[in-house]
Amino acid sequence: MSKNNVDILMQDIEIPDIVQKKAQDAFTKIRWEAREEEDNMNQEKAGKKNKHFWQTRAAAAALAVILGGGSLTALAATYIHLSGGMQSHMNISDEQTAELQNTDDSLLSFPAVSDTQDGITVSVAQCLVDESNIRLAFYVDGYELENSVEPELEYLNILLDGQPANNYDWYFYSGIDWTDNKEPVMADGSPVLENAEGEIIPNYRIADGKMEIDLNMSPVDENGKSISALNGRVITVFLQNFGEHTGTWTLEWTLGGTDTSVEAKLNEALGNSGATVTVVKVSPISIDIYYDFAKREIVDTDVDENGNTIEYTDFSEPPRFVGVKMKDGTVYTGMFDGGTCGYESADTSIYIAQINLSRVINPENVQSLLFLKEDSAVTGEHEITEKECYIVDLY
């Protein structure tokens, strides 16, 4: 989707009221079977294009593969609702949003930035950012289509501090609320409708007639190296060609946010997997995990574009992160929502996983992390239990 070769004039246009596909081509691809199967099932039901993404981490990246209550801005006494897409995708309740907006540490902002071309206005609904993950929502006004017809956007490209940034996933919000994996409803609370094939009929129009684009990004540079320390960087987003509406919409602002993470230094072996968790850094919307894990080559097969079976060499992975247990005993699984992972360099056993979360959490309330055991059989319908996991306490 993104070629990151746009050469256009950057614009920075303010608006009076603050309101609120593909993933990058990977050099090497793998799949986390259970998560993808579950995502595909939900997407088929919802008609929602939320593609996860992988990409190599560095030049030596044949060794590495990109995988795919916090604190938010104080907004005086005004409570601004998050967009429907972000609320649903990040499992954020109204109560949590209100609480987070009345704190001093800023992870959430509502940049007053928009651009208008060919009768269509694109504006930033909100920006949620920590040290390594960016969540964006945009409103699109003036793009006229039937409610259930999927909108089209030809390109979406991003720069950070003027340099190309990769590894992101975006989609038009379908108006279907999947918060906490309950039975889906429409964003306004009404029941979903289904067509003759049993597929949920989307509605890409939010209450005031606009559309919403949601984006999840773990930025990497052109060499596949992760870009962190995002706070204070200038982000530029280019959107090009909405269906028959041609033009380039340009949005630029400075990322806010402060480091509200909790870090734990550990020495926890994960059973007989050969992996030891050494450092965990928990943020409201992402988790960084450092493993000591010696490289082990494996030979696997895939099918090329011509249908031929090909053989390739890859490296085994440490037990994957699947969830957290909070201090009050609540367990959240299925939290993986993209990110990056791979060896720190070609000659090291340090393996780093930067995991984007599908919900906002308070780092100080996390008691332990859950890692799936090697012999656990997981399917799309299977809810992971603690017995199937290695449990790593942070305290």
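# Briefing: sheets, rings and core

Four strands build an open sheet, ordered 18-17-21-22, with antiparallel pairing. The edges belong to strand 18 (331-333) and strand 22 (389-393); each has a single partner strand, so one side of each is left without a neighbour in the sheet. On average, neighbouring strands of this sheet are turned by 25 degrees against each other, direction ignored. The model is predicted. The protein has 395 residues, and 53% of them count as buried. Its secondary structure comprises three helices and 22 strands.

**The four-strand sheet in detail**

- Strands pair in a sheet through backbone hydrogen bonds, in a parallel or an antiparallel sense.
- Three bridges join strand 17 and strand 18, which pair in the antiparallel sense.
- Gly323 has Thr333 of strand 18 as its bridge partner.
- Two strands of this sheet, 17 and 21, also carry an aromatic pair, Phe321 with Phe371.

**The five-strand sheet**

- A five-strand open sheet runs in the order 12-13-14-20-19, and its pairing is antiparallel.
- Strand 12 (262-269) and strand 19 (336-343) are the edge strands, each pairing on one side only.
- From one strand to the next, the twist averages 15 degrees.
- Strand 13 (residues 275-282) pairs with strand 14 in the antiparallel sense, over seven bridges.
- One contact across these strands has Val280 with Ile289, in strand 14, as its bridge partner.

**Aromatic pairs**

- The structure holds eight aromatic pairs.
- Phe293 and Tyr351 form an edge-to-face pair, because their ring centres are 6.5 Å apart and their planes stand at 80 degrees, where over 60 counts as edge-to-face.
- Phe293 lies in strand 14 (residues 286-293) and Tyr351 in strand 20 (residues 350-357), so this pair ties together parts that are 58 residues apart in sequence.
- Strands 14 and 20 stand next to each other in the order of the five-strand sheet.
- Phe293 counts as buried, with 1% relative accessibility.
- Tyr351 has a relative accessible area of 6% and is buried as well.
- Phe321 and Phe371 make an edge-to-face pair, 6.4 Å centre to centre with 75 degrees between the planes.
- Phe321 sits in strand 17 (residues 321-326) and Phe371 in strand 21 (residues 366-372), so the pair ties together parts that are 50 residues apart in sequence.
- Both Phe321 and Phe371 are buried.
- Ring pairs link Tyr291, Phe293, Phe321, Tyr343, Tyr351 and Phe371 into a cluster.
- Members of this cluster include Phe293 of strand 14 and Tyr351 of strand 20, along with Phe321 of strand 17 and Phe371 of strand 21.

**Charges over rings**

- Lys295 places its charged end over the ring of Tyr343, 4.5 Å from the ring centre.
- Tyr343 also belongs to the aromatic cluster.
- Lys327 does likewise with Tyr395: its charged end sits over the ring, 4.6 Å from the centre.

**Nonpolar core**

- The largest nonpolar core has 34 residues.
- Leu239, Phe242 and Trp253 have the most contacts inside this core.
- Seven strands each supply at least two residues: strand 3 (120-129), strand 4 (134-141), strand 5 (155-160), strand 6 (163-172), strand 9 (211-220), strand 10 (234-242) and strand 11 (245-254).
- Strand 3 gives the most to the core, with five residues.

**Positive phi outside glycine**

- Most residues other than glycine have a negative phi.
- Asp161 has a positive phi, near 50 degrees.
- Asp161 is located in the loop between strand 5 and strand 6.
- Its relative accessible area is 41%, so Asp161 is partly exposed.
- Asn167 also has a positive phi, near 75 degrees.
- Asn167 lies within strand 6.
- Asn167 is buried, with a relative accessible area of 0%.

**Surface**

- The accessible surface of the protein comes to about 17700 Å².
- Carbon and sulfur atoms account for 45% of this surface.

Definitions and conventions. Residues are numbered from 1 along each chain as its sequence is written. This is a predicted model: local features need pLDDT of at least 70, side-chain atom pairs count only at pLDDT 80 or more; totals for chains, interfaces and linings use all residues. Side-chain values use heavy atoms; hydrogens and water are left out. Rings of Phe, Tyr and Trp (its six-membered ring) pair if their centres lie within 6.5 Å; planes under 30 degrees apart count as stacked, over 60 as edge-to-face and the rest as tilted. Buried means under 20% relative accessible area, exposed over 50%, partly exposed in between (1.4 Å probe, protein chains only). A charge sits over a ring if NZ of Lys or CZ of Arg is within 6 Å of the ring centre and within 35 degrees of the ring normal. Two strands pair if DSSP finds at least two bridges between them. Axes are lines fitted to C-alpha atoms, for helices over the stretch in contact, and angles run from 0 to 180 degrees between N-to-C directions. Accessible areas come from the Shrake-Rupley method with a 1.4 Å probe; for residues, only the protein chains shown count as cover. A nonpolar core is a set of buried Ala, Val, Leu, Ile, Met, Phe, Trp, Tyr and Cys residues joined through side-chain atoms within 4.5 Å.
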